[in-house]
Every structure is written in C-alpha cells, then in structure tokens.
Amino acid sequence: MNSITRDIRYIGVNDHEIDLFEGMYVVPNGMAYNSYVILDEKTAVMDTTDRHFVDAWLDNLAAALDGRKPDYLVVHHMEPDHSAGIEAFVKKYPEAQVVATAKAFTMMKNFTGLDLTARGITAKEGDTLPLGAHTLHFITAPMVHWPEVMMSYDAADKALFSADAFGKFGALDAVDEEGWACEARRYYFGIVGKYGAQVQAVLKKAAALDIQIICPLHGPVLQEDLGYYLDLYNTWSSYGTETEGVAVFYTSVYGHTKAAAELLAEKLKELGCPKVAVSDLARDDMAEAVEDAFRYGKIVLATTTYNADIFPFMREFIEHLTERGYQNRKIGLIENGSWAPTAAKVMKGMLEGCKNTTFAETEVKILSAMTEENKAQIEQLAKEML
Ligand code: FEO
C-alpha cells in the first residue's frame with residue numbers, strides 16, 4: 001500500500017478500460033480515481049471510487065486499515081467517479097459516519113436513494129474534524145467542480161485534499177512523457193474552465209495555509225515545487241496567458257482554408273513569433289484545441305462559410321470557448337466562401353460578448369482559393385498578431 005506520509009495512505013485505483021472520461025474526453029493513458037485513508041486515533045477515508053472499481057477499492061481500504069474499522073468517510077465530491085463506492089462502504093461499515101456538505105447529502109439521496117444524514121456529519125466552511133494528531137479543516141469549494149464540493153486541510157501533515165482541483169487525465173501507472181501540465185491543462189479547461197472565479201476564491205483561501213502536499217482526486221499526489229502548480233492554477237483560473245505565441249485553429253473542406261492557416265503559421269514563425277500552435281478542428285482532439293485557446297493570449301480562427309453559417313467544427317469550438325468564459329484575448333479571423341462568405345461575421349458575432357477581447361483589424365476574406373492579395377493580407381495579419 002502506498003504511504004503518502006506515515007499516516008496518510010493511498011487507496012485509489014487505475015482505470016485502463018475507460019473509453020471516454022465523463023462521456024466526452026479521450027484518455028489514452030487511462031484515468032486514476034484517487035482515494036486516501038488517514039490512520040490516526042480515528043480513521044478517516046477520503047472519498048470512494050468509480051462504479052467499476054468498488055470491490056478493488058474496498059480491498060485497498062481493508063488492506064490499509066489492517067484490521068481496524070473506519071470511523072469516517074469524508075465525501076469531498078459527489079460526482080460518480082468518486083462517489084460510486086459510498087453505498088457499498090456504508091453497508092460494509094455500518095458504524096462509520098459520513099462527513100459531507102449539506103448539498104452532498106442531498107446528492108447522495110438522489111444518486112443512491114439513501115438518506116445518510118442520520119449517520120452523517122454535515123460539514124460547513126471552517127468546521128473541523130479531530131482524528132487525534134490530525135485534524136481535518138473543511139474548506140467549501142462550490143463549483144470546483146460541482147456545487148457540493150469541499151476540500152480538507154490536514155495541518156499535521158500540511159496536506160490539502162483538493163477534490164478535482166490539481167487533477168489530471170492519466171492513470172498513475174502510465175508513463176507521462178509530456179509532464180504534468182499538458183493533461184492537467186486539458187482536464188482543467190475541459191472540466192472546470194467555466195468556473196475561474198470560483199477557483200480563484202479557493203486559491204485565496206489556500207494561500208492562507210501552509211501546504212506541503214496536494215492530494216487530488218485524479219493524477220499524482222503533488223509533493224514538490226508546489227508553487228509551480230499553484231501558479232499555473234492561478235493563471236488558468238484568471239484567464240491569463242500561460243505561453244507567449246499564437247494558436248491557429250482551422251477547418252477546411254478542400255484544403256484551401258488549411259493552406260491559408262499554414263501560410264499564416266509560416267509567416268508568424270518567420271517574423272519571430274515565440275511559439276505557433278496549429279490545430280485542425282475536424283481531426284485533432286477538440287479538448288486539446290480548447291486548452292490551447294486558453295493557453296495562448298492570441299488566437300486566429302480560419303473557417304469556411306457553410307449553410308450561411310460556419311463549418312460545424314468551428315461552431316462547436318467557439319461554443320466550447322464562450323461557455324467557458326473565454327476572455328482577455330486578441331483574435332484574428334480568416335474566412336472562406338465561394339459565393340457568399342459570412343464566416344467572419346458569424347465568428348465575430350459569437351465572440352463579441354467575450355470580456356476584454358479585441359479583434360485584429362486585418363480580416364482575411366478568401367473567395368475559394370488564396371489570391372496574391374490574400375497572401376499579402378495574411379502577412380499583414382501575422383504582423384498584427386505579434
Ligand atoms: Fe472527478 Fe468532478 O469528478
């Protein structure tokens with residue numbers, strides 16, 4: 001059994017069977033559903049697991065308890081990837097108390113039909129749960145990622161149990177060649193991105209704590225260089241620019257719009273743009289494209305007119321951005337249309353409600369294939385985006 005500290009044990013599971021996380025996200029390296037137990041005078045279990053792994057998780061728990069009984073099950077988040085083991089747990093350990101927010105108890109009843117309030121402790125902001133040497137301090141974290149979410153801080157080991165925050169895609173036994181940020185960023189903007197203000201509120205509470213260990217519900221336990229992770233979360237949740245450069249997103253039917261996007265990328269590189277990312281929205285992972293749009297401070301959108309609107313993948317992409325509160329950006333537009341181009345107007349209309357966002361003056365209008373004039377416009381747009 002994994003020891004995080006002398007008294008905190010890891011009892012989570014790895015999932016290599018899953019096809020789509022939350023029914024939407026590809027997870028080529030699988031997924032981890034983390035759970036922990038604190039062994040003190042009292043024992044506290046921190047969250048459960050996904051429905052496919054309840055038996056394995058109960059085995060991990062029993063092994064960590066080594067004959068002891070659990071006193072508490074602390075439920076930080078009711079989404080089923082962490083809460084599907086609650087029912088089996090309360091049946092196996094009828095004397096254990098369940099600790100959760102009032103909203104979480106309501107959700108437990110809605111998910112399982114069980115009213116656990118009679119054997120529960122309702123946690124509120126600032127409440128504590130003494131275990132012996134360890135005392136859990138509860139921090140409510142509404143909308144990070146659901147409204148019932150709370151986190152726990154254990155001052156003895158300086159450990160923050162952060163629920164979904166600081167999580168990432170990927171099983172813990174998979175090799176992560178890209179480093180933590182890549183899949184953590186895709187996870188953050190896909191799943192929590194809309195709730196930047198709520199993440200900022202929790203980061204402010206966390207700033208008052210001496211945190212040496214972050215125990216999230218997904219991804220690795222973080223024990224070193226915590227400033228790196230906290231800084232990234234601050235940038236992401238404040239919709240700041242993480243990486244200087246330009247991200248170019250395109251859709252293309254016969255390759256002409258793609259050629260324009262690629263020419264723009266080439267010109268940007270020639271002009272010394274520090275980083276240029278290019279995504280084909282029909283073929284690349286949409287969640288990767290979304291994280292790139294939030295990663296860079298400047299983006300260019302290139303698409304065709306389609307049914308007097310825009311190509312469907314571009315429409316879907318822009319909707320992913322706007323529903324996540326896209327803001328603080330500079331946007332360039334390239335449209336294509338063989339008889340009645342309307343794409344730039346449609347894209348601008350979809351994005352004009354984004355806070356603190358400006359559009360490049362140069363708008364490239366292609367009437368099927370690029371002309372020499374279009375090429376000059378693209379060079380001009382590249383200069384403007386630097
Ligand atoms: Fe990992 Fe919001 O559940």
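## Exercises on strands, domains and turns

L129 has its bridge partner in β13, namely L136. The model behind these exercises is predicted.

**Exercise 1. Place the L129 pair in its sheet.**

Which strands pair around this bridge, and in which sense?

*Solution.*
- Step 1: Strand β13 covers residues 135-140 and pairs with β12 in the antiparallel sense. Three bridges hold this pairing.
- Step 2: Now widen the view. The sheet is open, has five strands and runs in the order β12-β13-β14-β15-β16. Its pairing is mixed.
- Step 3: Find the edges. They are β12 (128-130) and β16 (213-215), each of which pairs on one side only.
- Step 4: Add the twist. On average, neighbouring strands of this sheet are turned by 20° against each other, direction ignored.

**Exercise 2. Describe the surroundings of β19.**

Which strands are joined to β19, and how do they run?

*Solution.*
- Step 1: Take strand β17 (residues 243-250). It runs parallel to β19, with six bridges between the two. One position to check is V248, which stands opposite V300 in β19.
- Step 2: Take strand β21 (residues 330-336). Its pairing with β19 is parallel too, over seven bridges. Here K298 has K330 in β21 as its bridge partner.
- Step 3: Take strand β20 (residues 309-310). Two bridges join it to β19, and these strands run antiparallel. Y306 is bridged to D309 in β20.
- Step 4: Look at the link. β19 and β20 form a hairpin with two residues between them. In the turn, N307 has a positive phi of about 50°.
- Step 5: Judge the burial. Strand β19 spans residues 296-306, and nine of its eleven residues are buried, so the rest of the structure largely encloses it.

**Exercise 3. Work out how the two domains meet.**

How many residues of domain 1 are in contact with domain 2, and which elements supply them?

*Solution.*
- Step 1: Set the bounds. The domain assignment gives domain 1 as 2-237 and domain 2 as 244-385.
- Step 2: Get the separation. Taken over C-alpha atoms, the domain centres are 38 Å apart.
- Step 3: Count the contacts. Ten residues of domain 1 touch ten residues of domain 2.
- Step 4: Assign the domain 1 side to elements. β5 (25-26) and α5 (180-192) each supply at least two residues. α5 gives the most, with four residues.
- Step 5: Sort that side by class. It has four nonpolar, three polar and three charged residues.

**Exercise 4. Characterise the packing of α5 against α9.**

What are the angle and the axis distance of this helix pair?

*Solution.*
- Step 1: Recall the two descriptors. A packed helix pair is described by the angle between the axes and the distance between them.
- Step 2: Read both. α5 and helix α9 (residues 286-295) pack at about 90°, with axes 9 Å apart.
- Step 3: Classify the angle. The range from 65 to 115 degrees counts as roughly perpendicular. α5 and α9 are therefore roughly perpendicular to each other.
- Step 4: List the contact. α5 contributes R185, R186, F189 and G190. These meet A287, E288, V290, E291, F294 and R295 in α9.
- Step 5: Sort by class. The residues of this contact divide into four nonpolar, one polar and five charged.

**Exercise 5. Compare the settings of D47 and M143.**

Where do these two residues sit, and are they buried or partly exposed?

*Solution.*
- Step 1: Start from the background. Most residues other than glycine have a negative phi.
- Step 2: Check the angles. D47 is not a glycine, but its phi is positive, about 70°. M143, also not a glycine, has a positive phi of about 70°.
- Step 3: Locate them. D47 lies in the loop between β8 (43-46) and α1. M143 lies in the loop between β13 and β14 (150-154).
- Step 4: Apply the cut-off. Burial needs 20 or more other C-beta atoms within 10 Å. D47 has 26, so D47 is buried. M143 has 17, so M143 is partly exposed.

**Exercise 6. Profile V54.**

What are the exposure class and the contacts of V54?

*Solution.*
- Step 1: Locate V54. It is in helix α1 (residues 54-65).
- Step 2: Classify it. V54 counts as partly exposed because it has 18 C-beta neighbours inside 10 Å.
- Step 3: List contacts, leaving aside neighbours within four places in sequence. They are T49, A84, G85 and A88.
- Step 4: Check a distance. The C-alpha atoms of V54 and W146 are separated by 22 Å, with their positions 92 residues apart along the chain.

Terms used: Residues numbered from 1 in each chain as written. Predicted model: local features only at pLDDT ≥ 70, side-chain atom pairs only at ≥ 80, totals over all residues. Pairing = 2+ DSSP bridges. Axes fitted to C-alpha atoms, helices over the stretch in contact; angles between N-to-C directions. Buried ≥ 20, exposed ≤ 12 C-beta atoms within 10 Å, placed from the backbone. Contact = placed C-beta atoms within 7 Å. Domains from an automatic or database assignment. Nonpolar A, V, L, I, M, F, W, Y, C, P; charged D, E, K, R; others polar. Parallel < 35°, antiparallel > 145°, perpendicular 65-115°, else oblique.
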